[in-house]
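This briefing sets out selected features of one protein chain, grouped by topic for reading alongside the structure.

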Amino acid sequence: MSLRAVTLAIVCALGPMLAALPAAAEEPAGGRPLWEAGVAGGVGLVPDYPGSDHRRLRGIVLPYLVYRGPVLRVDETGVHGRVFESPDWSFELTGTAAFDARSDGPREGMPALDYLFGVGPQLVWRGLQRGGHGPSVHLKLRALMSTDGRHIDRRGFSVDPELRWRLPSFAGTPATLTLSLQPTWASRELQAYFYEVDPSLATATRPAYRARAGYLGTDLSATLTHSPAPGLSWFVSAYLASMHGAANTASPLLRERSNLTLGTGLIWTPWRSERRVAD
């Protein structure tokens, strides 16, 4: 359980850019393979937490799996359980995750931030899309937890409505550009995990602070992707998080009102099933 949580955190925390990856290059008639397997690798410059002034270069290479079952689906955006689907709507169960962070800088002497992960329902509307391109709306509610590899602690929940727009043939190239805008509101438990300072941990430069529920911030991302051949995809991404107007801007731990994440990566899936399914 702890290894799965850590692996999920590493994969997902390399960025929201993964949500924009195409599953593969154009496939012949008959659909896509039921499953694909291979290797994924990526590197990104990632802040420790929303509003942190500490960034770290994170990278990973590990096995990668795509599975396109009628209910259970595993792809570049995570693990999904399709509860309901129509041409315009789908209702799914999805997950998210984020890296841990050491206790240094403004958090020196405080408990480290563990790997964070969450699961919950997602309602998706694709009524204006044509051929997988165009706008889509993703309404997400997630229960959040953290783990140090030994214990799991509840961290409240978040509400994350997202507008995503996928544009084919960007600037005359075969690459796809995906834009995403996502505001987030979070419970007090999650806000306290990032921003609360217990009086026993207060210092002259880090006064005690009690976090409150509310607006956490808004994420804007741009991801350029391309699949030059079946089973091979690359991406580059820029991801801007804005905490202007957030509920806890007065916290001494919220050091910057905006964070920039940059990432790039490659997915190679040379092994695939002969059975084809509609994507």
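Leu113 is in contact with Tyr49, Asp100, Ala101, Arg107, Tyr193 and Phe194, leaving aside its neighbours within four places in sequence. The coordinates discussed here belong to a predicted model. Leu113 also belongs to the largest nonpolar core and to the lining of the second largest pocket.

**Nonpolar core and helix H2**

- The largest nonpolar core has 21 residues, of which Tyr49, Leu113, Leu190, Phe194, Tyr195, Met243 and Leu253 touch the most other members.
- Helix H2 supplies the largest share of this core, namely 5 residues.
- In soluble globular proteins, nonpolar side chains tend to be buried together.
- H2 is mostly covered, with 6 of its 8 residues buried.
- The buried residues of H2 are Leu190, Gln191, Ala192, Tyr193, Phe194 and Tyr195.
- These buried residues of H2 pack against five strands: S7 (115–125), S8 (134–147), S9 (152–167), S10 (176–186) and S11 (214–229).

**Second largest pocket**

- The second largest pocket has a volume of about 200 Å³.
- Its lining includes Arg107, Met110, Pro111, Ala112, Leu113 and Asp114, together with Arg155.
- Ala192, Tyr193, Glu196, Asp198 and Leu201 also line this pocket; of these, Ala192 and Tyr193 are among the buried residues of H2.
- By residue class, the lining divides into 7 nonpolar and 5 charged residues, with no polar ones.

**Loop residues**

- Asp48 lies in the loop between strand S2 (35–47) and strand S3 (55–68).
- Asp48 counts as buried because its relative accessible area is 8%, and the limit for burial is under 20%.
- Beyond residues up to four places away in sequence, Asp48 touches His54, Arg56, Arg58, Ala101 and Asp104; Ala101 is also one of the contacts of Leu113.
- Asp48 and Asn259 are 211 residues apart along the chain, and their C-alpha atoms are separated by 9.9 Å.
- Gly31 is placed in the loop between H1 and strand S1 (32–33).
- With a relative accessible area of 23%, Gly31 is partly exposed.
- Outside its neighbours within four places in sequence, Gly31 is in contact with Arg276 and Val277.
- The C-alpha atoms of Gly31 and Val277 are 5.0 Å apart in space, although the two residues are 246 residues apart in sequence.
- Ser169, in the loop between S9 and S10, has a phi near 50 degrees, a positive value in a residue other than glycine.

**Overall architecture**

- The secondary structure of the chain consists of 2 helices and 14 strands.
- Of the 279 residues in the chain, 47% are buried.
- Among contacts with a separation of 6 or more, 63% are between residues 24 or more positions apart.

**Confidence**

- The chain has a mean pLDDT of 85, and 87% of its residues reach 70 or more.
- Confidence is highest in helix H2 (residues 188–195), at a mean of 98, and lowest in helix H1 (residues 2–13), at 40.
- The pLDDT is below 50 over residues 1–28, a stretch that has 75 contacts in the model beyond near neighbours in sequence.
- Where pLDDT is low, the predicted coordinates should not be read in detail.

Notes
Residues are numbered from 1 along each chain as its sequence is written. This is a predicted model: local features need pLDDT of at least 70, side-chain atom pairs count only at pLDDT 80 or more; totals for chains, interfaces and linings use all residues. Side-chain values use heavy atoms; hydrogens and water are left out. pLDDT is the predictor's confidence in each residue, from 0 to 100. Helices (H or I, at least four residues) and strands (E, at least two) are DSSP runs, numbered from the N terminus. Contact means heavy atoms within 4.5 Å. On a 1 Å grid over the protein atoms alone, a cavity is a set of points where a 1.4 Å probe fits but cannot get out, and a pocket is an open set with protein on both sides within 12 Å along at least five of seven lines; lining residues have an atom within 4 Å of a point. Grid points are joined across faces, edges and corners, and a volume is the space filled by probe spheres set on the points. Ala, Val, Leu, Ile, Met, Phe, Trp, Tyr, Cys and Pro count as nonpolar, Asp, Glu, Lys and Arg as charged, and the others, Gly among them, as polar. Buried means under 20% relative accessible area, exposed over 50%, partly exposed in between (1.4 Å probe, protein chains only). A nonpolar core is a set of buried Ala, Val, Leu, Ile, Met, Phe, Trp, Tyr and Cys residues joined through side-chain atoms within 4.5 Å.
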